[in-house]
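Dear colleague,

I am passing on a structure for you to look through, and below it I have set out what was found in it. Please keep the structure open beside this message while you read.

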Amino acid sequence: MKVDVGPDPSLVYRPDVDPELAQSKDSFRNYAAGPLLDRVFTTYKLMHTHQTVDFVSRKRIQFGGFSHKKMTVMEAVNMLDDLVDESDPDVDFPNSFHAFQTAEGIRKAHPDKDWFHLVGLLHDLGKILALWGEPQWAVVGDTFPVGCRPQASVVFCDSTFQDNPDLQDPRYSTELGMYQPHCGLENVLMSWGHDEYLYQMMKFNKFSLPSEAFYMIRFHSFYPWHTGGDYLQLCSQQDLDMLPWVKEFNKFDLYTKSPELPDVDSLRPYYQGLIDKYCPGILSW
């Protein structure tokens with residue numbers, strides 16, 4: 001399948017990462033070619049067709065009570081052994097390894113910020129939604145605001161939104177759509193997925209992490225904003241102040257992906273200590 005799509009904007013942003021951990025930047029987030037492209041395109045086509053204001057609103061209600069399961073953070077990490085992200089063109093191994101890869105990259109670069117290490121481990125735990133019967137297009141992939149016209153740096157923007165009913169609705173089809181200028185991303189309805197679910201779950205369970213951690217979890221998949229430079233018309237000053245933190249997290253989320261899988265068993269005791277410090281015990285999911 002040939003898809004007419006320009007270079008992904010995240011490739012313009014190439015932070016400094018240990019070269020031993022990083023592949024060539026051109027090999028990451030390649031949405032124009034590659035062995036996984038058909039799978040990735042299909043996932044985004046479904047996402048961009050069905051993620052609407054109504055759909056997101058219903059999902060927030062469905063999962064907002066956090067009555068689905070009781071378990072610890074490490075039990076959730078273990079569940080990711082059974083998940084391969086169908087929107088990711090870079091990896092084809094279980095998401096649990098990616099969690100530890102990201103966390104260890106952050107730990108190496110920021111040894112004094114143990115809360116940041118934990119963010120690396122936590123950031124994709126919302127993907128357990130896919131193990132509870134949710135389709136991957138409603139769980140994984142880059143996020144974007146619903147309720148306004150998608151902007152140019154959304155992946156496959158020109159080839160996947162034709163059947164989205166919101167774009168035929170004059171309330172939702174302009175650049176601002178249903179929002180006020182600079183209303184702040186906290187007041188924007190993002191496409192439903194693992195970011196928003198985990199952010200809300202962390203608030204519900206009262207994780208004792210700094211506000212930067214909550215922000216990185218909530219917007220780490222919002223590539224059209226943090227690397228594409230789009231949607232600034234919706235941003236508040238707080239969003240702009242937090243943007244460097246999201247960018248800092250992103251370089252570890254993206255550029256620590258490697259088929260060299262970590263020795264997870266040896267890392268568990270350290271991360272269990274962080275869990276016990278910031279989000280202990282049996283939690284509501």
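Asp142 is a buried residue, because its relative accessible area is 8%, and buried here means under 20%. Please bear in mind throughout that the model is predicted. Asp142 sits in the loop that runs between helix H5 (114-122) and helix H6 (157-160), and it is one of the residues covered by the annotation "binding site" in an unreviewed UniProt entry, which also includes Arg29, Asp85, Lys127 and His220.

As for the chain as a whole, eleven helices and two strands are found in it, and when the sequence is followed from start to end their order is α-α-β-α-α-α-α-α-α-α-α-α-β. Of the 285 residues in the chain, 58% are buried. The chain exposes about 11900 Å², of which 52% is supplied by carbon and sulfur atoms. If you consider the contacts in the chain with a separation of 6 or more, residues 24 or more positions apart account for 81% of them.

The aromatic rings deserve a separate look, since the structure holds 21 aromatic pairs. One of these is formed by Phe41 and Phe156, whose rings are 5.0 Å apart from centre to centre with 80° between the planes, an arrangement that is edge-to-face. This pair links distant parts of the chain, as Phe41 belongs to helix H1 (residues 37-50) while Phe156 lies in the loop between H5 and H6, 115 residues apart. Phe41 is buried, with a relative accessible area of 14%, and Phe156 is also buried, with a value of 1%.

Another pair to find is that of Phe222 and Tyr231, whose ring centres are 5.5 Å apart and whose planes meet at 50°, so this pair is tilted; the angle is neither under 30 degrees, as stacked would require, nor over 60, as edge-to-face would require. Phe222 is buried, with a relative accessible area of 0%, and for Tyr231, likewise buried, the relative accessible area is 0%.

Which residues do ring pairs link into a cluster? They are Phe63, Phe66, Trp132, Trp192, Tyr197 and Phe204, and I would suggest selecting them together in your viewer. Finally, a ring also takes part in a contact of another kind, where Arg107 lies over the face of Tyr270, at 3.7 Å from the ring centre.

With kind regards

How values were computed:
Residues numbered from 1 in each chain as written. Predicted model: local features only at pLDDT ≥ 70, side-chain atom pairs only at ≥ 80, totals over all residues. Heavy atoms only, no water. UniProt positions renumbered as here; feature names shortened; annotations may be inferred. Helix = DSSP H or I, 4+ residues; strand = E, 2+ residues; numbered from the N terminus. Buried < 20%, exposed > 50% of the residue type's maximum accessible area, 1.4 Å probe, protein only. Phe/Tyr/Trp six-rings, centres within 6.5 Å; stacked < 30°, edge-to-face > 60°. Lys NZ or Arg CZ within 6 Å of the ring centre and 35° of its normal. Contact = heavy atoms within 4.5 Å. Areas by Shrake-Rupley, 256 points an atom, 1.4 Å probe, with all protein chains shown as cover.
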